[in-house]
Amino acid sequence: MDLHFGDSKPTDDERAAVDALLGPPESSWEGADRSDADLRWARGGREARDRRDLLLPGLHAINDQVGWISEGALDYLCRRLTVPPAEAYGVATFYAMFSVKPRPATVLHVCTDLACAAAGASELCAGIEARLGLGSGVSVERSPCLGLCERAPAALAIRAGDPVRTAVSAPATVHDAVLAASAPDSAPEEPSAAMAVPQAGDPSLALLRRVGVVDPSSLDDYRAHGGYTALRRAFELGPAGVIREVTDSGLVGRGGAAFPTGRKWQATASQPDHPHYLVCNADESEPGTFKDRVIMEGDPFALVEAMTIAAYATGAHKGYLYLRGEYPRALRRLEHAIAQARARGLLGDDVLGQGYAFDIEIRRGAGAYICGEETALFNSIEGYRGEPRSKPPFPVEKGLFGKPTVENNVETLVNVLPILTMGAPAYAAIGTAKSTGPKLFCVSGSVERPGIYELPFGATLGELLELAGVRERLRAVLLGGAAGGFVRPDELDIPLTFEGTREAGTTLGSGVVMAFDDTVPLPRLLLRIAEFFRDESCGQCVPCRVGTVRQEEALHRIVQRTGAAAADDIALLREVGRAMRDASICGLGQTAWNAVESAIDRLGAYE
Amino acid sequence: MTVIPLGIPRRLLEFTIDGEPVRTTEGSTILDACRAAGKDIPTLCEGDTLRPKNACRVCVVEVEGSRTLVPACSRKAEPGMEVKTDTERARHSRRIVLELLASSVDLSTTPKVAEWIKEYEAKPDRFGPDAARLNEEPKIDNDLYVRDYDKCILCYKCVDACGDQWQNSFAISVAGRGFDARIAVEQDAPLTESACVYCGNCIEVCPTGALSFKSEFDMRAAGTWDESAQTETTTVCAYCGVGCNLTLHVQDNEIVKVTSPHDNPVTHGNLCIKGRFGYQHVQNRD
């Protein structure tokens with residue numbers, strides 16, 4: 001690989017940011033000043049290229065320090081990692097949180113997605129933009145869902161520097177958001193994660209039991225509340241025993257696809273190719289979803305323990321935790337938890353003295369919904385554009401770095417703890433025969449007590465909404481987020497199970513339950529959903545790349561129309577939607593029309 | 001003596017296409033088998049010298065038991081598979097894909113696409129006059145070839161040919177995301193500031209004419225480009241000892257374009273700057 005670089009040089013700050021991640025360069029081949037030795041030995045080659053997966057962390061390092069990624073900085077990072085600058089440019093421009101153009105050091109991300117839109121995000125945004133215009137030193141960016149729906153409307157300020165500073169303002173007012181952006185250090189502390197759990201402290205909870213009860217920064221506190229008993233049990237059972245328990249428990253994936261976890265683990269464990277990898281998908285970006293954030297902020301050690309068990313069962317010694325870039329507090333909590341666990345021998349070469357080696361590395365996303373798709377996530381970790389791969393081959397056979405990989409959502413993994421502590425039969429007794437165990441629901445919108453609710457599978461939508469204190473004049477409920485579907489207020493007896501929602505012609509998805517009253521114009525919501533998919537389509541396949549644009553255009557045309565005036569565009573939407581569902585490469589394009597279709601068919605949105 | 005490599009013997013597997021039993025070698029794609037069976041399936045991003053990218057989705061077919069349609073170009077045939085190539089469902093997706101592309105991209109120089117649009121009764125103008133288009137101007141930044149990204153369907157073939165599949169120059173990549181994604185060199189700079197070595201192997205694989213010889217681009221602009229008046233002569237490049245085959249495209253006794261046969265075991269359609277663009281001496285008649 002004969003790389004070509006321009007003449008741009010990095011600034012001292014940019015060089016320092018990259019060197020802090022990668023260490024100082026060893027030779028001029030990697031960007032240092034030329035020495036005599038460099039003329040004799042060429043360095044780089046395969047060894048350097050094998051570090052391609054550090055490209056994304058490198059881009060983060062530059063962006064964190066400087067606020068944007070200049071040509072000189074990108075070139076320097078490419079030299080260090082032997083990455084072609086064109087490819088690195090393609091990666092940097094893929095992510096919404098990066099900029100390759102100069103911008104102010106502070107970026108204020110104002111959520112304009114569904115829950116926040118219903119809570120007045122557009123007025124908020126206009127107010128903020130009026131206060132923070134050009135020359136204010138803050139760049140205001142309208143953002144997709146920030147995962148703070150229980151405190152809508154939300155804003156997240158990120159100020160570049162060493163260290164990078166962040167501040168969350170939610171529920172945000174113009175004043176609070178401007179304060180967070182102009183002085184992130186003096187912004188008021190975020191409320192505890194337990195505030196997002198109205199049931200906090202209820203001893204009957206299985207997954208949220210410790211949220212708000214334990215100190216999320218204390219390993220001792222975690223252990224005092226039953227932490228690491230599941231891992232001990234796992235070592236007693238052995239890897240095959242753990243997989244048997246998980247299979248018998250009937251656990252299925254909680255990220256939205258509902259694939260049986262035990263089968264995935266078994267398929268990975270039995271692959272002869274090595275090494276095996278474990279990937280935790282914490283790129284929680286489905287609009288309306290914030291359950292994984294609450295777990296990671298409120299009970300981070302539970303995820304560390306659960307990942308250790310999953311890796312042990314599937315024969316992995318390395319785990320990657322891919323965390324969405326908009327979750328600064330979850331990042332801090334998890335970094336701390338992993339360091340603590342490592343210091344106490346719960347991660348590392350000899351976990352719990354059992355001779356089993358396992359460690360976790362956190363990788364931050366950078367603003368791309370598509371990276372929650374399992375194979376796009378692999379590409380993102382590997383330092384490529386986060387575009388989905390075609391399947392087959394499936395990840396259990398060829399996943400991260402082309403090796404057998406088990407990838408699970410945060411909530412799925414955390415379910416493994418009660419499975420091992422209470423035993424598969426007791427766990428399987430919770431819920432219904434086909435949907436076993438407890439489930440987390442992210443309730444937001446027009447309810448008195450928005451937040452994460454833990455209920456056994458089988459509770460009805462009405463029961464959940466009652467618990468959350470649904471407000472009067474309910475117009476629609478969105479299940480499963482932007483990729484899910486709307487149901488009517490007279491369908492509240494739908495049982496919240498995989499089979500129950502399927503029978504009702506809708507989906508449980510990732511557990512989003514968003515209630516809308518009749519003050520929110522439905523066509524506006526649908527337009528927002530369409531904008532979301534247009535913005536988040538990776539662009540790889542035609543049905544999704546152009547189809548999401550055509551869908552948005554049609555919804556824009558009919559935003560004020562009904563009946564016959566909308567009929568032509570609805571017919572067009574149906575045809576494009578059908579092709580997106582049938583012919584897109586991945587779940588993003590395949591589901592981009594779901595919510596709109598359900599609003600037309602179930603809610604009569606344009607009648 | 002020419003040695004023809006026979007390769008490892010491969011087993012045959014049986015499956016059905018449109019209800020008719022077919023046999024194909026293990027490892028072949030559905031598309032290979034369809035073509036062998038004489039079924040025509042439209043393709044755009046598929047390239048005979050490249051690994052399937054399956055980005056355009058115009059080759060989708062129905063496979064029994066599959067929730068979604070599958071791309072014929074990349075899905076390997078499996079024993080017992082029941083493939084249906086011409087169902088209403090598959091035709092619907094192909095039609096929409098053609099409409100989506102034709103409504104956003106200039107397909108005027110894409111071979112065969114006009115036929116397919118007719119065959120599938122696609123109506124690209126149904127999205128209205130305000131439908132978003134790429135709206136790119138041709139990038140003319142060197143004397144050898146032009147990048148007219150208004151004609152780009154983002155099939156990734158040029159990126160793959162420039163990257164690890166052939167040239168290993170990695171001068172171009174996809175930049176941006178979604179509808180705003182474009183093929184670009186770093187910083188969207190002119191080609192002359194990039195790692196491009198002007199091998200022109202990207203032009204060779206471009207299915208839409210977005211990448212073309214400067215000579216072809218100029219002649220098209222002047223209205224003098226006439227493929228029916230061109231002859232193609234395959235010869236051997238005289239520059240070095242590798243022995244690449246060149247196909248000279250000649251119009252009015254002038255070389256207007258140089259390609260290489262894709263089945264040539266030396267080039268697989270690839271050339272270097274000398275073979276591709278260094279033909280002026282042939283025409284030096286002084």
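Biologist: Which residues of helix α8 in chain A are buried?
Modeller: This is a predicted model, and in it A121(A), L124(A), C125(A) and I128(A) are buried; α8 itself runs over residues 121-131 of chain A.

Biologist: Why do those end up on the same side of α8(A)?
Modeller: Because they cover an arc of only 95° around the axis. As a rule, an α-helix has 3.6 residues a turn, so residues three or four places apart point the same way.

Biologist: And what's exposed on the other side of α8(A)?
Modeller: There you'll find E123(A), A126(A) and A130(A) exposed.

Biologist: OK, what covers the buried residues of α8(A)?
Modeller: The cover includes two strands of chain A, β1 (106-111) and β2 (138-143), along with helices α7 (114-118) and α9 (174-182).

Biologist: Switching topic: how is chain A divided into domains?
Modeller: Domain 1 is 12-92, domain 2 is 106-191, domain 3 is 219-428, domain 4 is 438-517 and domain 5 is 522-601.

Biologist: How far apart are the C-alpha centres of domain 2 and domain 5 of chain A?
Modeller: Those centres lie 29 Å apart. The two domains do make a contact, with four residues coming from domain 2 of chain A and five from domain 5 of chain A. On the domain 2 side, three are nonpolar, one is charged and none is polar.

Biologist: What about the two chains, how many residues does each put into the contact?
Modeller: Chain B puts in 39 residues and chain A 38.

Biologist: Which element gives the most on the chain B side?
Modeller: That's α2(B), with eight residues. By class, the side of chain B touching chain A has 21 nonpolar, 12 polar and six charged residues.

Terms used. Residues are numbered from 1 along each chain as its sequence is written. Chains are lettered from A and ligands numbered from 1 in the order in which they are written. This is a predicted model: local features need pLDDT of at least 70, side-chain atom pairs count only at pLDDT 80 or more; totals for chains, interfaces and linings use all residues. Two residues are in contact if their C-beta atoms, placed from the backbone, lie within 7 Å. Helices (H or I, at least four residues) and strands (E, at least two) are DSSP runs, numbered from the N terminus. Ala, Val, Leu, Ile, Met, Phe, Trp, Tyr, Cys and Pro count as nonpolar, Asp, Glu, Lys and Arg as charged, and the others, Gly among them, as polar. Domain bounds come from an automatic or database domain assignment. A residue is buried if 20 or more other C-beta atoms lie within 10 Å of its own, exposed if 12 or fewer, and partly exposed in between; C-beta atoms are placed from the backbone. The arc is that of the directions from the helix axis to the C-beta atoms.
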